[in-house]
Amino acid sequence: MKIESIDVTVFTYPTRRVSDSAGHSHPGEENQAKMALLTLTTDDGHQGYAFAPPEVVRPHIINAFFRKVLIGQNPFDRERLWQDLVHWQRGSANQLTDRAISIVESALWDLQGRFLNMPVHKLLGGFREKVPAYGSTMCGDELKGGLSTPEEYGQFAEKLVARGYKAIKLHTWMPPVSFAPSPQMDVKACAAVREAVGPDVCLMLDGYHWYSRSDALYIGRELQKLNFTWFEEPMEEQSMASYSWLTKSLDIDVIGPESLSGKYFSRADWVKEGACDILRAGVQGVGGLSPTMKVAALAEAFGMDCEIHGNGAPNLNVVCAIKNCRWYERGLLHPFLNYEEPAAYLNSIIDPMDDDGFVHLPQRPGLGEDINFDWIEEHTLS
Ligand SMILES: O=C(NO)[C@@H](O)[C@H](O)[C@@H](O)C(=O)[O-]
Ligand SMILES: [Mg+2]
């Protein structure tokens, strides 16, 4: 079996998710967005798929890197192919990103699973087939009735608990919101949520990512009074020293790094320097399912949890293949948006959740995506 072709299909779909000037998503007017479907095809007709933002898998990436490394290769040599791609990164002028590599590596896993008629999480290890989810809110906004006040966070939290969530993570207000960043407002939102849901629901805060040490310490101490479960990305994650200081200054678990590059290498340094209590990695952020598994193994070796960043099929398959991850990040959620409704290019969502807050992983072969190929064909741009 050899990889014969790598194709990207760009198509449109309607969405009510819009991005602000800082890249954070919020509800907005319905608009037409673009998505890319990357397809790997072997010489005997087997295929693997992965979704990506079109710019991440633009022609330069496909032609200058993916095709050079993968065409003619056995898709089951996934680790060698991943290592070969990673070695191209240094000379790529920062064009070959971890995100891009994660897409083609995800498609390799999907191809393997579809060929073997097995879900990828079984190939990765197979630890569980359902996992508790935390509701991960969108970042705060200035939309009346949305997430514009501490009280609205509290009201939304009540609805999430009624839906079945046993844990909630707040993303609070960030610029361009007019009054952000505001440590005091962050604490008020956290207090309003704790008041609304009571003492037994696990709560986490993922706020402004560039607070000073002083602000982060103030917020962390307030979260301790509110019995929050973890404190996420309050400062620039490129300052490992700041996180070592914060982790030693607080009792609440500090989790990270999420957005820091460096795959499992940077995360090994964070463990060595005591810069976090809980490790964090996501498939898109560290270059694929395999490197995410390596981060989880690193954490396990040090008696640490590794909470997986983000929703979606690749992350969910990893979550169901490892022991040292307590939650699946289900989101991002907002009062104005119905998360349960699949995108037009999917027949069903990858992460259905029962009334007890458990996400049940579909047992379809591969990554498990329920792709609406007809929609993609009918709405193809290129
Ligand atoms: O921090 C995250 N998850 O924990 C990310 O998912 C963020 O919400 C990211 O999208 C953002 O900051 O908008
Ligand atoms: Mg985060």
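Me: What is the relative accessible area of Leu116?
Reply: The model is predicted, so local features need pLDDT of at least 70 and side-chain atom pairs pLDDT 80 or more, while totals for chains, interfaces and linings use all residues. Residues are numbered from 1 along each chain as written, chains are lettered from A and ligands numbered from 1 in written order, and side-chain values use heavy atoms, without hydrogens or water. Leu116 lies in helix α3, residues 98–116 (helices are DSSP H or I runs of at least four residues, strands E runs of at least two, numbered from the N terminus). Leu116 is partly exposed (between buried, under 20%, and exposed, over 50%; 1.4 Å probe, protein chains only), because its relative accessible area is 39%.

Me: Which side chain makes a polar contact with the side chain of His26?
Reply: His26 sits in strand β2, residues 25–42. At 9% relative accessibility, His26 is buried. A polar contact is a pair of N or O atoms within 3.5 Å; within protein, one must be able to donate a hydrogen and the other to accept it, and residues adjacent in sequence count only through side-chain atoms on both sides. At 2.7 Å, the partner of His26 is Asp20.

Me: Which residues are the protein donors of the magnesium ion (ligand 2)?
Reply: Donors are N, O and S atoms within 2.8 Å of the metal (3.2 Å for Na, K and Ca); water is not among the atoms, so a site may look incomplete. The spacing of the donor residues in sequence is D-x25-E-x25-E. Lying 1.9 to 2.1 Å from the ion, they are Asp206 (OD), Glu232 (OE) and Glu258 (OE).

Me: How many residues apart in sequence are the parts tied together by Glu232 and Glu258?
Reply: Glu232 is buried at 0% relative accessible area, and Glu258 is buried at 14%. Glu232 belongs to strand β7 (230–232) and Glu258 to the loop between β8 (253–255) and α9 (263–272), so the parts tied together are separated in sequence by 26 residues.

Me: With which residue does Glu329 form a salt bridge?
Reply: A salt bridge puts a side-chain nitrogen of Lys or Arg within 4 Å of a carboxyl oxygen of Asp or Glu. Glu329 is buried at 5% relative accessible area. The closest N and O atoms are 3.2 Å apart, and the partner is Lys169.

Me: Which residues are linked in a network of salt bridges?
Reply: Glu258 and Arg280 meet at 2.8 Å, N to O. Both Glu258 and Arg280 are buried. The network links Lys169, Asp206, Glu232, Glu258, Arg280 and Glu329.
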